[in-house]
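Reader: I've just opened this one and I'm new to it. Could you walk me through how the labels get decided?

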Amino acid sequence: MENRIRLLREQKMLSQAQLAEQCNVTRQTINAIENDKYDPTLELAFKLSKVLNTTVDELFLYGREK
């Protein structure tokens, strides 16, 4: 499963640390998700989509092109 977290985070001019703080996780967690080394929990996926002002479906790409 691919994701658009890095793209949307950068568009909002947020650092990994800033996004992590708003989602109540560590910067390392955001880094791991952005690099497809960790799939977030459903709860975290919803937090990320809220902070990045998108839907979970648009944030995580499963079986479709970017």
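Reader: Why does N53 count as exposed or buried, whichever it is?
Author: First, a reminder that this is a predicted model. N53 has a relative accessibility of 64%, and exposed means over 50%, so N53 counts as exposed. You'll find N53 in the loop between helix 4 and helix 5 (56–59).

Reader: What makes the phi of N53 worth pointing out?
Author: The phi of N53 is positive, about 55°, although N53 is not a glycine.

Reader: Which label does D36 get for its accessibility, and why?
Author: D36 has a relative accessible area of 45%. Buried needs under 20% and exposed needs over 50%, so D36 lands in between and is called partly exposed. D36 sits in the loop between helix 3 and helix 4.

Reader: What is the phi of D36?
Author: D36 isn't a glycine either, and its phi is positive at about 55°. That turn of the backbone comes just after helix 3.

Reader: Why is L48 called buried or exposed?
Author: The relative accessibility of L48 is 0%. The cut-off for buried is under 20%, so L48 counts as buried. L48 belongs to helix 4.

Reader: What is L48 in contact with?
Author: Setting aside neighbours within four places in sequence, L48 is in contact with I5, L19, C23, I30, I33, L59 and F60. A contact here takes heavy atoms within 4.5 Å. One of those partners, C23, is 25 residues from L48 along the chain, yet their C-alpha atoms are separated by 6.5 Å.

Reader: L14 is in a loop, so how do you know whether L14 is buried or exposed?
Author: By the number, again: L14 has 16% relative accessibility, and 16% is under 20%, so L14 counts as buried. The loop in question runs between helix 1 and helix 2. Leaving out neighbours within four places in sequence, L14 is in contact with R9, Q22, V51 and L52. With L52 the C-alpha to C-alpha distance is 9.5 Å, across 38 residues of sequence.

Reader: And Y62, is that one buried or exposed?
Author: Y62 has 68% relative accessibility, which is over 50%, so Y62 counts as exposed. Y62 lies in the segment after strand 2. Its C-alpha is 5.0 Å from that of M1, although Y62 and M1 are 61 residues apart in sequence.

Reader: Which residues of helix 3 are buried, and what covers them?
Author: Helix 3 covers residues 27–34, and its buried residues are I30, A32, I33 and E34. Their cover includes strand 1 (2–3), helix 1 (5–11), helix 2 (16–23), helix 4 (42–51) and strand 2 (60–61).

Reader: How many helices and strands are there, and in what order do they run?
Author: The protein has five helices and two strands. Starting at the N terminus, the order is β-α-α-α-α-α-β.

Reader: How do you know what the radius of gyration says about the protein?
Author: You set it against a rule for globules: with 66 residues, a compact globule would have a radius of gyration near 11 Å, and the protein has 11 Å, so the two agree. The C-alpha trace spans about 30 × 20 × 20 Å along its principal axes.

Reader: How much of the protein is buried, and how much area does it expose?
Author: Buried residues are 35% of the 66. The exposed area is about 4,600 Å², with carbon and sulfur atoms supplying 47% of it.

Reader: What share of the contacts join residues at least 24 apart?
Author: Taking contacts between residues at least 6 apart in sequence, 54% join residues at least 24 apart.

Reader: How many cavities are there, and what makes something a cavity?
Author: The idea is simple: rolling a probe the size of a water molecule over the atoms shows where empty space is left. To be a cavity, that space must be somewhere a 1.4 Å probe fits but cannot get out. Counting those of 30 Å³ or more gives one cavity. The largest cavity has a volume of about 30 Å³.

Reader: Which residues line the largest cavity?
Author: The lining is made of M1, N3, I33, D36, Y38, D39, P40 and F60. By class, that gives five nonpolar, one polar and two charged residues.

How values were computed: Residues numbered from 1 in each chain as written. Predicted model: local features only at pLDDT ≥ 70, side-chain atom pairs only at ≥ 80, totals over all residues. Heavy atoms only, no water. 1 Å grid on protein atoms, 1.4 Å probe; cavity = no way out; pocket = protein on both sides within 12 Å on 5 of 7 lines; lining within 4 Å. Points joined across faces, edges and corners; volume = space filled by probe spheres on them. Nonpolar A, V, L, I, M, F, W, Y, C, P; charged D, E, K, R; others polar. Buried < 20%, exposed > 50% of the residue type's maximum accessible area, 1.4 Å probe, protein only. Helix = DSSP H or I, 4+ residues; strand = E, 2+ residues; numbered from the N terminus. Rg over C-alpha atoms; globule rule 2.2 N^0.38 Å. Areas by Shrake-Rupley, 256 points an atom, 1.4 Å probe, with all protein chains shown as cover.
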